[in-house]
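User: I'm new to this one and would like to go through it slowly. Could you show it to me before we start?

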Amino acid sequence: MVFREGFLEGRVAVVTGGGTGIGFVVSRELARHGADVVVASRNPEHHAQIVREVEALGRRALALQADVRDPEQTKRVAERALERFGRIDILVNNAAGNFLCPAEKLTPNGWRAVVEIVLNGTFFMSRAVLPAMRAQGGGSIVNIGANYAWLAAPHVAHSGAAKAGVLNLTRTLAVEWAPYNVRVNAVTPGPIDDTEGVRRLMGDPATKRAVLETIPLKRLGRREEVAWAVLFLVSPAAAYITGHNLVVDGGMWFNHRMFRPTATDGGLA
Ligand code: NAP
Ligand code: COA
C-alpha cells in the first residue's frame with residue numbers, strides 16, 4: 001500500500017468507465033484506501049467484477065448504466081449516488097472512446113462519437129456533481145488526459161482535440177470552482193499496459209516496439225501507476241493543488257529521441 005490505509009474512509013467517489021482498464025484499477029485503489037465507489041458506463045456487463053472487488057475490500061459499490069454524452073444521464077448518476085451514499089467527494093472523468101483513423105477518413109459521426117464522450121462527457125459529469133460538492137463545502141475532480149493532447153495526434157485527431165479541450169476545461173473549472181473548494185486536476189497517462197487503449201492504438205508488436213523507443217523509462221506504464229497519481233491528487237497532500245496536469249508517461253512527452261546522445265560518442269542520435 002503506497003498511501004495510508006483508509007485515508008479516504010467516509011468519502012464517496014464516482015468513476016466514469018470504472019469497470020474496465022485504467023478506470024477499473026482507479027476504482028479498486030480508491031476503495032482499497034477507504035472510499036465507497038460509484039462506477040458509471042454504458043455496458044452493465046462491465047460492472048459486475050468491479051462491484052465484487054470493491055465489496056471484497058469492505059466498501060460499498062454502486063454500478064450505474066449511463067452514457068456520459070447525455071447530460072440527463074450524468075445528472076441521474078449524481079442523483080443516484082447522492083440517494084445511495086449522501087455525498088460525492090471525488091469524480092474521476094475516465095470514460096473515453098478512441099480508434100485509429102487518419103483525419104481524412106474520419107466520418108463526422110466518428111469525430112462526434114469521440115469528442116462527445118471525452119469532452120462533452122467530462123463537462124456534463126463535472127457539472128452534474130458540482131451542486132453536491134458545493135453544498136458539502138468541497139470536492140475533487142480528476143480528468144484523465146492523454147499525452148498527445150498538447151503535441152500532435154496523428155490518426156487520433158478526434159481524441160487529441162478532445163483531450164486538449166479537457167486540459168483547458170480542467171484549468172478553467174479549477175479557477176471557476178475554487179471558491180467552492182472544488183479542486184479540478186488532470187492525470188495524463190502515456191501508454192499503459194493491459195488496457196484497451198494500448199490494444200487499439202499499438203496492437204501490433206512493431207508499433208509497440210517503436211513506441212517503447214520513445215519512452216525514456218523504456219516500458220509501458222502500469223494501471224496502478226495512474227491510480228496512484230489520482231490518489232495523490234484527491235488526497236490532503238494535494239489540498240493546495242488545482243488546475244494541475246500530472247503526467248504519468250515515463251518521460252515520453254519530452255520526445256527525448258531528438259536530443260539523445262549516443263552511448264559511445266556523446267553525439268546526437
Ligand atoms: P477502456 O478500458 O476502454 O476505458 C474506457 C471506459 O469508458 C470503458 O469502461 C467504457 O465503458 C467507458 N465509456 C466509453 N464510452 C462511454 C460513454 N459514452 N459513457 C460512459 N462510459 C463510457 O480504456 P482505457 O485504455 O482503460 O482508457 C481509460 C482512460 O485512460 C481514457 O480516458 C483514455 O483516454 C485514457 N488513456 C489511456 C491510455 C492507455 O494507454 N490505455 C493512454 C492515455 C490515456 P462502457 O463500454 O461500459 O461504456
Ligand atoms: N475507424 C473508423 N471509424 C470508426 C472506427 C474505426 N476503427 N470505429 C468506429 N468508427 C466510426 C463508426 O463508423 C461511426 O461512424 P459512421 O456512423 O459514420 O459509420 C462512428 O465512429 C460511431 O461509431 P459507433 O460504433 O456507432 O459509436 P459508439 O457510440 O457505439 O461507440 C466508439 C463509440 C466508436 C468510440 C467505440 O469504439 C467505443 O465504444 N469505444 C469505447 C472503448 C474505447 O474506445 N477504449 C479506448 C479508450 S482510450
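Analyst: We can look at the two ligands and then at a pocket.

Analyst: This is a predicted model, in which local features need pLDDT of at least 70 and side-chain atom pairs count only at pLDDT 80 or more, while totals for chains, interfaces and linings use all residues. Residues are numbered from 1 along each chain as its sequence is written, chains are lettered from A and ligands numbered from 1 in the order in which they are written, and side-chain values use heavy atoms, with hydrogens and water left out.

User: OK, how many residues surround ligand 1, and which are the closest?

Analyst: Ligand 1 has 28 residues around it, the closest being Thr20, Ser41, Arg42, His46 and Thr195, where a residue counts as near if one of its heavy atoms lies within 4 Å.

User: What are its oxygen atoms close to, say at Ser41 and Ile22?

Analyst: An oxygen atom of ligand 1 is 2.6 Å from an N or O atom in the side chain of Ser41, and an oxygen atom of ligand 1 is 2.8 Å from a polar backbone atom of Ile22. Of the 880 Å² of accessible area that ligand 1 has on its own, the protein covers 91% (by the Shrake-Rupley method with a 1.4 Å probe).

User: Which element gives the largest share of that shell around ligand 1?

Analyst: That is α6, with three residues; helices here are DSSP runs of H or I with at least four residues, and strands are runs of E with at least two, numbered from the N terminus.

User: Switching over, which residues come nearest to ligand 2?

Analyst: Of the 14 residues around ligand 2, the nearest are Arg42, Arg69, Thr107, Asn109 and Arg200. An oxygen atom of ligand 2 lies 2.8 Å from a polar side-chain atom of Asn109, and an oxygen atom of ligand 2 is 2.8 Å from an N or O atom in the side chain of Arg69.

User: How much of ligand 2 does the protein bury?

Analyst: Taken alone, ligand 2 exposes 930 Å², and the protein buries 55% of that. In the shell around ligand 2, α4 (108-136) and α6 each supply at least two residues.

User: And the second largest pocket, how many residues line it?

Analyst: The second largest pocket is lined by 17 residues, and those nearest its centre are Arg11, Gly139, Ser140, Arg183 and Val234. On a 1 Å grid over the protein atoms alone, a pocket is an open set of points where a 1.4 Å probe fits, with protein on both sides within 12 Å along at least five of seven lines, and lining residues have an atom within 4 Å of a point.

Technical notes. Polar contact = N/O pair within 3.5 Å; in protein donor to acceptor, adjacent residues only side chain to side chain.
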